[in-house]
Amino acid sequence: TREQRTAAVELWLRQAQRRARLARDLVEKEHVVRFERGVLSSGLKTPFFVDFHLLSPSMLGNIAVCMDDIIAERGFSFTHVAGVPHGGDEIAWKIARLYDAEYVCLMKNDGRLWIDNEFHVSAGDAVLIVEDVLTTGGNTFAAMHALAVYKIRIAGVVAICDREQGGRTLLEECGYPTASLFTARGLLAAARVAGVVTEEQH
């Protein structure tokens, strides 16, 4: 009906505005975009980093609310939430609380991942994987490998930022639905509008 279409458009606008405010706050207040040449954990060289490791508790809460939007949009259904160490674990815990789902803590040492003994998953459990920055997908696949021995089902992958360097495409080609709040390109655009980065850097 016309009323339903109007309500859907209004909801979409509210979500888009919420996401735009979050992008602005991330680049202005949290300074998540940092121009510095270096090497990513994937081994790729980069002229800039997108870093979510030191976010304030309130900002983590805002990210969880916006992630709720894309989780609902994609129709992800899950019983457990696991964060890819070490950037995805805090937001994964927030999402688990938001959905009254079980949080699964993944540990990492010398490149090896395993489930903390205090947390449990069983065969058939549907696990949502949470990343902070998705690049090539290597860390995400490593997290899936650590969970695979328990014969769980991957419900989907959500990331705060997709650097658009092949990870999302590879995950979806392997049958794992993947969504992100932002792309690196989008955060750079928000940083340029906010005056955080120059047009030349962008």
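Here is a walk through this structure, from the whole chain down to a few single residues. Keep in mind as you look around that the model is predicted.

Let's start with the chain as a whole. The protein chain folds into 6 helices and 9 strands. If you drew a box around its C-alpha atoms along the principal axes, that box would come to roughly 55 × 50 × 35 Å. Is the chain packed like a globule? One way to look at that is the radius of gyration: a compact globule of 202 residues would come in near 17 Å, and the protein chain has 17 Å, so the two agree.

Now for what is inside and what is outside. Of the 202 residues in the protein chain, 45% are buried. On the outside, the chain exposes about 11,000 Å², and carbon and sulfur atoms supply 50% of that area. The contacts tell you something about how the chain comes back to itself: take those between residues at least 6 apart in sequence, and 65% of them join residues at least 24 apart.

Next, have a look at the largest pocket. Its volume is about 490 Å³. There are 26 residues in its lining, and S41, H53, D132, V133 and N139 are the ones that lie nearest the centre. Which parts of the fold supply at least two residues each to this lining? They are the strands β1 (33–39), β2 (45–50) and β7 (126–134), along with helix α4 (138–148). The largest share comes from β7, which gives 4 residues. Sorted by class, the lining of this pocket has 12 polar, 8 nonpolar and 6 charged residues.

There is a closed space to find as well. The structure holds 1 cavity of 30 Å³ or more, and the space in the largest cavity is about 30 Å³. Around it you'll find F52, L55, L60, G87, E90, I91, D132 and I160. By class, that lining has 5 nonpolar residues, 2 charged ones and 1 polar one. You have met D132 already: it is among the residues that lie nearest the centre of the largest pocket, and it also helps line the largest cavity.

With the spaces covered, turn to a few residues in the helices. I71 lies in helix α2, and it counts as buried because its relative accessible area is 2%, under the 20% cut-off. What does I71 touch, once its neighbours within four places in sequence are left aside? Its contacts are F76, F78, I95, Y99, L128 and V158. A96 sits in helix α3 and is buried too, with a relative accessibility of 3%. Leaving aside neighbours within four places in sequence, A96 is in contact with V81, A101, E102 and Y103. If you look from A96 across to L128, the two are 32 residues apart along the chain, and their C-alpha atoms are separated by 9.3 Å.

D51 gives you another setting. Its place is in the loop between β2 and α2 (57–74). Is D51 buried, exposed or partly exposed? At 28% relative accessibility, D51 counts as partly exposed, because that value lies between the 20% and 50% cut-offs. Apart from neighbours within four places in sequence, D51 is in contact with V32 and R34. P177 is 126 residues from D51 along the chain, and the C-alpha atoms of the two are separated by 24 Å.

Finally, two loop residues are worth a look for their backbone angles. D100 has a positive phi of about 55°, although it is not a glycine. You'll find D100 in the loop between α3 (89–99) and β4 (102–104), where it counts as exposed at 74% relative accessibility. K151 is not a glycine either, yet its phi is positive, at about 60°. This residue is found in the loop between α4 and β8 (153–162), and with a relative accessible area of 64%, K151 is exposed. To tie K151 back to the buried I71, measure C-alpha to C-alpha in your viewer: the two are 80 residues apart in sequence and 23 Å apart in space.

Technical notes:
Residues are numbered from 1 along each chain as its sequence is written. This is a predicted model: local features need pLDDT of at least 70, side-chain atom pairs count only at pLDDT 80 or more; totals for chains, interfaces and linings use all residues. Side-chain values use heavy atoms; hydrogens and water are left out. On a 1 Å grid over the protein atoms alone, a cavity is a set of points where a 1.4 Å probe fits but cannot get out, and a pocket is an open set with protein on both sides within 12 Å along at least five of seven lines; lining residues have an atom within 4 Å of a point. Grid points are joined across faces, edges and corners, and a volume is the space filled by probe spheres set on the points. Ala, Val, Leu, Ile, Met, Phe, Trp, Tyr, Cys and Pro count as nonpolar, Asp, Glu, Lys and Arg as charged, and the others, Gly among them, as polar. The radius of gyration is taken over C-alpha atoms; the globule rule is 2.2 Å times the number of residues to the power 0.38. Buried means under 20% relative accessible area, exposed over 50%, partly exposed in between (1.4 Å probe, protein chains only). Contact means heavy atoms within 4.5 Å. Accessible areas come from the Shrake-Rupley method with a 1.4 Å probe; for residues, only the protein chains shown count as cover.
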